[in-house]
Amino acid sequence: MKDLPKVYANKIDEKINNTQDFYYGNDRSSDKKQDSVTIIRKINNIFASPNHVYKSKVRIALKDKTIEKTIVGKTSTNLITFDGELIKIIDILDINKI
C-alpha cells in the first residue's frame with residue numbers, strides 16, 4: 001500500500017463563530033397560482049380523457065356554490081357548458097368528473 005503525503009494543519013488560536021440564522025417567508029399568493037395550475041390540469045385531463053367524446057358531466061366547486069354541469073368545450077379563460085353558459089376558470093375552486 002502506498003503511503004499518503006503528510007498534510008500540514010494550521011493551529012487555530014481564535015474562537016470560530018460560523019453559525020447563521022435563517023428565516024423563511026412564504027408568499028400566500030403563490031399557493032393560489034399553484035391551485036389555478038392544478039385546476040387547469042384537471043380540466044385538460046377531463047378533455048383528454050378517452051371517455052370524453054363530445055361532452056362530460058362535471059361537478060364544479062365555485063366560491064359560493066357547487067354546481068353540476070355538462071361541459072363541451074373551453075377557451076383560455078372559460079369553460080363552455082352544453083347550455084351555452086360560460087364559467088370563468090379563475091372562479092373554479094375544484095372540478096371533478098361525475
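## Strands side by side

Let's start with β1 and β2, which run antiparallel and are joined by six bridges. (Strands here are DSSP runs of E with at least two residues, helices are runs of H or I with at least four, and both are numbered from the N terminus; two strands pair if DSSP finds at least two bridges between them.) With three residues between them, β1 and β2 make a hairpin. One bridge to look for links V58 to K69 in β2.

β1 also pairs with β5, again in the antiparallel sense, over five bridges. Here A61 has D94 of β5 as its bridge partner.

## About the model

What you're looking at is a predicted model, where local features need pLDDT of at least 70, side-chain atom pairs count only at pLDDT 80 or more, and totals for chains, interfaces and linings use all residues. Residues are numbered from 1 along each chain as its sequence is written, and side-chain values use heavy atoms, leaving out hydrogens and water.

## Two faces of β1

Which residues of β1 point to the buried face? They are S56, V58, I60 and L62, while K57, R59 and A61 point to the other face and are not buried. (Buried means under 20% relative accessible area, exposed over 50%, and partly exposed in between, using a 1.4 Å probe and protein chains only.)

## The nonpolar core

The largest nonpolar core has 14 residues, and I43, I60, L79, I87, I92 and I95 touch the most other members. (Such a core is a set of buried Ala, Val, Leu, Ile, Met, Phe, Trp, Tyr and Cys residues joined through side-chain atoms within 4.5 Å.) α1 gives the largest share of this core, four residues.
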